[in-house]
Amino acid sequence: MTDSDPSPRVDVRGPRFVAWITTGVLVLVLLVSAFSAVAAAILIGLQAVVFAIGAIAGPAKHPYGRIYAALVAPRNGPPTETEPVPPLRFAQALGFVFAGLSLLGFALGSSIVGAVFAGFALFAAFLNAAFGVCLGCQIYPLVARFRRSAPHIGGTGRPSVVTQAASSGPDANSAAPAPN
């Protein structure tokens, strides 16, 4: 963690491990959906709970993250690269939305809708697992920018961690525009 980035950071290998397990669960959801919408709904519902825990509590409390921390991390050695936690939590929230929409599709009897949204979540999880590209993390700065520019209604009166991180960059002290 650097002085200009106050957000907590995690070893990048942890979220990729989580993405591999998520990929496996989502593949299973799609396979099971061909035979039983009820069983697919139960599986995607459980995955939605896992996404919710990751979004609310962060990587340290994420069920698959705990497996990584207990069984895999001790064998990996110290992290060589880290990433900030807030984008990971946002990515888990997006996963929760897709899993929730998938669950809704299966629960309402539309296996196609359930499978399509499970497929979207699968695409994002596999992209992270196989290539290290976290779609939610890529979208996060755009959403954070909208949050900064939106008027705060009933806020704490303090800038968010995102606002603080963005304002502590190399150009934070330069109020005047750069000369041409």
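The largest nonpolar core in this predicted model holds 18 residues, and those with the most contacts inside it are Leu26, Val29, Ala40, Ile44, Tyr64, Ala99 and Phe106. Helices H1, H2, H4 and H5 are the elements that each give two or more residues to this core. H2 is the top contributor, with six residues. There's also a second, separate core of six residues, with Val10, Leu88, Ala91 and Cys134 among them.

Phe106 is a handy place to start looking around. Leaving aside neighbours within four places in sequence, Phe106 is in contact with Val29, Ser33, Ala37, Ala40, Ala41, Ile44, Ser111, Gly114 and Ala115. One of those partners, Ser33, sits in helix H1. Is Ser33 buried or exposed? Its relative accessible area is 14%, so it counts as buried. Beyond its neighbours within four places, Ser33 is in contact with Ala40, Phe106 and Ala115.

Now for the overall layout. The protein has seven helices and two strands, and reading along the sequence gives the pattern β-α-α-α-β-α-α-α-α. Of its 180 residues, 32% are buried. Take the contacts between residues at least 6 apart in sequence: 72% of them join residues at least 24 apart.

Three of the helices can be checked against the expected rise of 1.5 Å a residue.

| Helix | Residues | Expected span | Distance between end C-alpha atoms |
|---|---|---|---|
| H2 | 21 residues | 30 Å | 30 Å |
| H4 | 23 residues | 33 Å | 32 Å |
| H5 | 21 residues | 30 Å | 29 Å |

The end-to-end distance agrees with the expected span for H2, for H4 and for H5.

Start with H2 (37-57). Its buried residues are Ala40, Ala41, Ile44, Gly45, Gln47, Ala48, Val50, Phe51, Ala52, Gly54 and Ala55. The elements covering them include H1, H3, H4 and H5. Just after H2 comes Gly58, with a positive phi of about 90 degrees.

Gln47 also ties H2 to an earlier part of the chain. Val25, which lies in helix H1, is 22 residues from Gln47 in sequence, yet their C-alpha atoms are 7.5 Å apart. Once neighbours within four places are set aside, Val25 is in contact with Gln47 and Tyr64. Tyr64 has already turned up as one of the best-connected residues of the largest nonpolar core.

Next up is H4 (85-107). Buried here are Val85, Pro87, Leu88, Phe90, Ala91, Gln92, Gly95, Ala99, Ser102, Gly105 and Phe106. These buried residues pack against S1, H1, H2, strand S2 (82-84), H5 and H6. After H4 comes Gly109, whose phi is positive, near 90 degrees.

Then there's H5 (111-131). In this helix, Gly114, Ala118, Ala121, Leu122, Ala125, Leu127, Asn128 and Ala129 are buried, and they pack against H1, H2, H4 and H6. Gly132 follows H5, again with a positive phi, near 75 degrees.

Ala69, in helix H3, gives a contrast to all that burial. With a relative accessible area of 46%, Ala69 is partly exposed. Ala69 and Gly14 are 55 residues apart in sequence, but their C-alpha atoms lie 7.6 Å apart in space.

That leaves the empty space. How much space lies in the largest pocket? The value comes out at about 650 Å³. Its lining is made of 34 residues, and Pro15, Val18, Leu88, Gln92 and Asn128 are the closest to its centre. Leu88 is a member of the second core as well, and Leu88 and Gln92 are both on the list of buried residues of H4. Asn128, for its part, is one of the buried residues of H5.

Which elements supply at least two residues each to that lining? They are strand S1 (9-11), helix H1 (13-33), H2, helix H3 (63-76), H4, H5 and helix H6 (135-149). H4 has the largest share, with seven residues. By class, the lining of the largest pocket comes to 22 nonpolar, 10 polar and two charged residues.

Technical notes
Residues numbered from 1 in each chain as written. Predicted model: local features only at pLDDT ≥ 70, side-chain atom pairs only at ≥ 80, totals over all residues. Heavy atoms only, no water. 1 Å grid on protein atoms, 1.4 Å probe; cavity = no way out; pocket = protein on both sides within 12 Å on 5 of 7 lines; lining within 4 Å. Points joined across faces, edges and corners; volume = space filled by probe spheres on them. Helix = DSSP H or I, 4+ residues; strand = E, 2+ residues; numbered from the N terminus. Nonpolar A, V, L, I, M, F, W, Y, C, P; charged D, E, K, R; others polar. Expected span 1.5 Å × (residues − 1). Buried < 20%, exposed > 50% of the residue type's maximum accessible area, 1.4 Å probe, protein only. Contact = heavy atoms within 4.5 Å. Core = buried A, V, L, I, M, F, W, Y, C linked by side-chain atoms within 4.5 Å.
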